[in-house]
Amino acid sequence: MPEFLVTFEGVEGCGKSIQARLLYEYLQSKGISSILTREPGGSDISERIRDILLDRRHLDMVPYTELFLYLASRAQHTQEVIKPALAQGKVVICDRYIDASVAYQGEGRGISKNLIKQLNKTATGGLLPNLTFLLDMDTEIALKRIEREDRLEMEGVEFHNRIRSGYLKLNRENPERIVLLNGMRSIKQIHNEIKDIFEARMMKLE
Ligand SMILES: Nc1ncnc2c1ncn2[C@@H]1O[C@H](COP(=O)(O)OP(=O)(O)OP(=O)(O)O)[C@@H](O)[C@H]1O
Ligand SMILES: [Mg+2]
């Protein structure tokens, strides 16, 4: 199996985690060795960083602290989990990755996107996803799907609209890697499209 990293991106509640899990279960059922992991988090150290990032009490966290914590989590997770799994020939499915920092800390918080892209490269050693699924939908409808509220979910609708447009810009800049999917359809319809696109991409690599 060639190295294959697939990531899921999109605003809160758009269906990333459920679609990542469905793809993982599908690959398992086909006997394709894979792992399902997430950002921030995915390793012991990174999950501890996740707790700091999402803690509702940390309302005074400044944008650069947020950015560097995400990058710290990403550096550890990439080195400790993603790269070893890829080296073992596993497909790695990751719920959020580099694009989330460009959308959230760049478009959302106003930090230079070029700086973030540069720091992403440093944190990951330049590891890019082979394929990214961007689930796009109305942010208010997406937010209504989720019950709990962490620190970032507490932001207003304008913030989330900036994230959405940040992601759409990334899709326009990287139309080959980042596949735009309409997240308003049923879970099954979206899963079927993801399966088809994934298989077509894998076949090209094999
Ligand atoms: N296509 C869909 N149609 C209707 N409901 C959906 C759809 N996809 C996901 N949901 C529901 O919306 C909720 C959020 O889905 P999920 O946790 O996968 O989103 P997420 O993008 O991972 O959110 P977060 O950014 O908070 O991690 C879940 O309850 C899920 O069952
Ligand atoms: Mg999720």
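In this predicted model, the backbone oxygen of Gly10 lies 3.3 Å from a polar atom of the side chain of Lys16. Lys16 itself is placed in helix H1 and is among the residues closest to ligand 1. The points below treat the annotated spans, the loop that precedes helix H1, the surroundings of the ligand, and Glu107 in helix H4.

**Annotated spans**

- An unreviewed UniProt entry lists residues 8-194 as "domain: Thymidylate kinase-like".
- Within residues 8-194, helix makes up 56% and strand 12%, and the C-alpha atoms at the two ends of the span are 11 Å apart.
- The unreviewed UniProt entry also carries a "binding site" annotation, which covers Gly10, Val11, Glu12, Gly13, Cys14, Gly15, Lys16 and Ser17.
- Of these annotated residues, Gly10 and Val11 are included in the lining of the largest cavity.

**Lys16 in helix H1**

- Lys16 has a relative accessible area of 7% and is therefore buried, the limit for that class being under 20%.
- Apart from residues up to four places away in sequence, Lys16 touches Phe8, Glu9, Gly10, Val11, Asp95, Arg96 and Leu135.

**Glu12 in the loop between S1 and H1**

- Glu12 is located in the loop that runs between strand S1 (4-9) and helix H1 (16-29).
- With 7% relative accessibility, Glu12 counts as buried.
- The side chain of Glu12 forms a polar contact of 2.3 Å with the side chain of Tyr104, and one of 3.4 Å with the side chain of Arg96.
- Beyond its neighbours within four places in sequence, Glu12 is in contact with Arg96, Tyr104, Ala142, Leu143, Ile146, Asp150, Leu152, Glu153 and His160.

**Gly13 in the loop between S1 and H1**

- Gly13 also lies in the loop between S1 and H1, and its relative accessible area of 17% makes it buried.
- Leaving out residues up to four places away in sequence, the residues that Gly13 touches are Met137, Ala142, Arg145 and Ile146.
- Ala142 and Ile146 are thus among the contacts of Gly13 and also among those of Glu12.

**Surroundings of ligand 1**

- Ligand 1 is surrounded by 18 residues, of which Gly13, Lys16, Ser17, Ile18 and Arg185 are the closest.
- A nitrogen atom of ligand 1 lies 2.7 Å from a backbone N or O atom of Arg185.
- An oxygen atom of ligand 1 is 3.3 Å from a polar backbone atom of Cys14.
- The side chain of Glu153 has an N or O atom 3.2 Å from an oxygen atom of ligand 1.
- The protein buries 73% of the 630 Å² that ligand 1 exposes when taken alone.
- Glu153, whose side chain approaches ligand 1 to 3.2 Å, is one of the residues in contact with Glu12.

**Glu107 in helix H4**

- Glu107 belongs to helix H4, which comprises residues 98-108.
- At 17% relative accessibility, Glu107 is classed as buried.
- The side chains of Glu107 and Lys169 make a polar contact of 3.0 Å.
- Not counting residues up to four places away in sequence, Glu107 touches Val102, Lys113, Arg162, Ser165, Gly166 and Lys169.
- Between Glu107 and Asp51 the separation is 56 residues in sequence and 23 Å in space, taken from C-alpha to C-alpha.

Note on methods. Residues are numbered from 1 along each chain as its sequence is written. Chains are lettered from A and ligands numbered from 1 in the order in which they are written. This is a predicted model: local features need pLDDT of at least 70, side-chain atom pairs count only at pLDDT 80 or more; totals for chains, interfaces and linings use all residues. Side-chain values use heavy atoms; hydrogens and water are left out. UniProt positions are given in the numbering used here, feature names are shortened, and annotations may be inferred rather than shown by experiment. Helices (H or I, at least four residues) and strands (E, at least two) are DSSP runs, numbered from the N terminus. Buried means under 20% relative accessible area, exposed over 50%, partly exposed in between (1.4 Å probe, protein chains only). A polar contact is a pair of N or O atoms within 3.5 Å; within protein, one must be able to donate a hydrogen and the other to accept it, and residues adjacent in sequence count only if both atoms are side-chain atoms. Contact means heavy atoms within 4.5 Å. A residue is near a molecule or strand if one of its heavy atoms lies within 4 Å of it. Accessible areas come from the Shrake-Rupley method with a 1.4 Å probe; for residues, only the protein chains shown count as cover. On a 1 Å grid over the protein atoms alone, a cavity is a set of points where a 1.4 Å probe fits but cannot get out, and a pocket is an open set with protein on both sides within 12 Å along at least five of seven lines; lining residues have an atom within 4 Å of a point.
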